Amino acid sequence: MLRTDLIAPVPDLLHRHAAAHGGKCAYRDAHTSVSYAALLERTGRLAGHLADNGIAANDTVAILLPNSVPWVESCFAIARAGAISVPISYDSTETEIAYRLADANCKAVFTTAERGDLLARLQASAPNLKTLIVTDRGGCAATTLRYADLLKASPNSSPRDSASLHDIAFILYTSGTTGRAKGVALTVHGMLWVNAACWAPIAGLSERDTVLSPLPLFHSYALNLSVLSILATGATCHIMEKFSTAEAVRLLKTGEFTFFPGVPTMFHYLLQATRGEANLKFPNLRLCVSAGAIMPATLNREFEDQLGVKLLDGYGITETSTMVTMNWPTGGRVLGSCGIPLPGLAVRIVDPAGHDVAPNQEGELIVRGPNVMPGYHNKPEETRNALREDWYHTGDLARSDDDGFLTI
């Protein structure tokens with residue numbers, strides 16, 4: 001059941017698919033696309049230039065870009081330089097950006113000319129931020145490097161291409177809704193374990209799929225599914241810069257897409273926009289998956305009845321490299337639940353004293369498995385509170401029915 005063959009270092013996966021189907025489109029957006037062969041070559045150049053500009057192994061590099069092919073290329077280039085990616089929402093405020101850059105001690109950032117001058121100002125509060133790489137030609141500080149220029153010029157350094165799976169590879173910041181945002185440290189192994197236990201065996205993600213992804217790439221859900229799992233399986237991903245109901249409907253009607261991940265509100269909007277269209281079909285769309293918020297059973301049922309496409313709900317959190325539970329496309333489902341735990345993952349529902357509660361009783365969900373974070377970046381006390389005897393305490397209340405289906 002576990003597809004452990006899909007757990008490999010990012011450079012190995014790039015080489016694997018460049019050799020197997022180099023001309024195949026790996027990622028595309030509304031403006032550009034990149035094949036697997038080109039992705040290998042371009043990320044190698046960018047990684048070499050990062051090293052040339054002083055980025056050492058285990059340094060942190062921020063990605064402050066809109067959803068795009070350059071976002072994905074930057075992420076893989078950082079990995080090939082042996083550095084750590086720090087994704088930041090492109091819509092973050094100046095205060096939020098400054099905090100993340102300083103907290104993660106970022107040495108470089110991939111961004112746009114639109115954000116270039118802001119980042120040049122922020123260098124005063126993030127003194128170790130030496131390198132800005134901009135992906136377009138707008139006006140910005142003269143000290144920046146141009147993404148396109150780096151791709152044209154051969155670097156002096158080669159990619160480091162580490163074979164490690166267990167080093168920290170990503171620092172993803174939580175929303176900060178319950179206090180100052182925390183940087184969640186994640187590994188390639190933990191992230192790809194979710195693909196090996198969930199997206200590939202349960203959702204059937206494979207090289208035959210073309211995924212339409214409206215998810216924000218800085219978020220763990222998209223980074224896991226729409227970036228890393230695409231690479232691991234050799235699939236193709238069309239990245240929407242932002243979710244647009246009309247554009248999603250238009251694209252899904254083309255019949256090009258087989259797989260659509262989203263959050264419940266997106267499926268609500270798709271349902272509303274297509275209601276009343278007689279005999280509407282999304283040809284070849286075999287599966288939709290939802291995570292990120294609770295999916296009402298009524299929405300799940302109406303979507304499947306109206307559009308004839310199975311919609312699987314799951315539950316995930318950043319600290320577990322995304323998914324914890326998932327509904328399956330085969331067998332029974334309990335609509336309104338978020339499914340059953342992933343194979344190989346241990347979950348418990350406990351009372352305040354730490355004792356397991358009976359089925360159908362409410363308690364805190366705790367999780368243990370290969371996808372659980374090593375800890376929070378620079379926050380040892382918060383890490384100790386969250387990770388106790390290898391169990392991650394989610395803080396979420398849940399209950400399990402007699403068959404093991406969980407409801408948050």
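**Pockets**

I looked up the largest pocket first; about 1100 Å³ of space lies in it. The model is predicted, so I note that local features need pLDDT of at least 70 and side-chain atom pairs pLDDT 80 or more, while totals for chains, interfaces and linings use all residues. Residues are numbered from 1 along each chain as its sequence is written, and side-chain values use heavy atoms, without hydrogens and water.

My pocket criterion: on a 1 Å grid over the protein atoms alone, a pocket is an open set of points where a 1.4 Å probe fits, with protein on both sides within 12 Å along at least five of seven lines; lining residues have an atom within 4 Å of a point. Points are joined across faces, edges and corners, and the volume is the space filled by probe spheres set on them.

I find 50 residues lining the largest pocket, and Thr-174, Ser-175, Ile-317, Thr-318 and Glu-319 are the closest to its centre. Elements that each supply at least two lining residues include H4, strand S8 (168-173), helix H8 (220-233) and strand S14 (310-317). Helices and strands here are DSSP runs numbered from the N terminus (helices H or I, at least four residues; strands E, at least two). By class I get 18 nonpolar, 22 polar and ten charged residues in this lining. Ala, Val, Leu, Ile, Met, Phe, Trp, Tyr, Cys and Pro count as nonpolar, Asp, Glu, Lys and Arg as charged, the others, Gly among them, as polar.

The second largest pocket has a volume of about 430 Å³. Its lining has 26 residues, with Asp-29, His-31, Asn-67, Ser-68 and Pro-70 closest to the centre. Helix H3 (69-80), helix H6 (147-152), S11 and H9 each give at least two of them. I list eleven nonpolar, seven polar and eight charged residues there.

**Salt bridges**

I count 16 salt bridges in the structure (a side-chain nitrogen of Lys or Arg within 4 Å of a carboxyl oxygen of Asp or Glu). I checked three.

Lys-242 and Asp-91 meet at 3.0 Å, N to O. They are 151 residues apart, Lys-242 in the loop between S11 (236-239) and H9 (245-253), Asp-91 in the loop between S4 (84-87) and H4 (94-103). Both are exposed (over 50% relative accessible area; buried is under 20%, partly exposed in between; 1.4 Å probe, protein chains only).

Asp-103 and Lys-379 pair at 3.8 Å, N to O. This pair spans 276 residues, from helix H4 to the loop between S19 (375-376) and H12 (380-386). Asp-103 and Lys-379 are both buried.

Glu-302 and Arg-275 pair at 2.8 Å, N to O. Glu-302 counts as partly exposed because its relative accessibility is 38%. Arg-275, at 42%, is partly exposed.

**Helix H11**

Which residues of H11 are buried? I find Leu-299, Asn-300, Phe-303, Glu-304 and Leu-307. They cover an arc of only 125° around the axis, so they sit on the same side of H11 (the arc is that of the directions from the helix axis to the C-beta atoms). H10, S13 and S14 are among what covers them (contact: heavy atoms within 4.5 Å).

**Positive phi**

Most residues other than glycine have a negative phi. Gly-308, just after H11, takes about 70°. Asn-284 is not a glycine, yet its phi is near 75°. Asn-284 lies in the loop between H10 and S13 and counts as exposed at 56%. Ser-321 also has a positive phi, about 55°. Ser-321 is in the loop between S14 and S15, buried at 1%.
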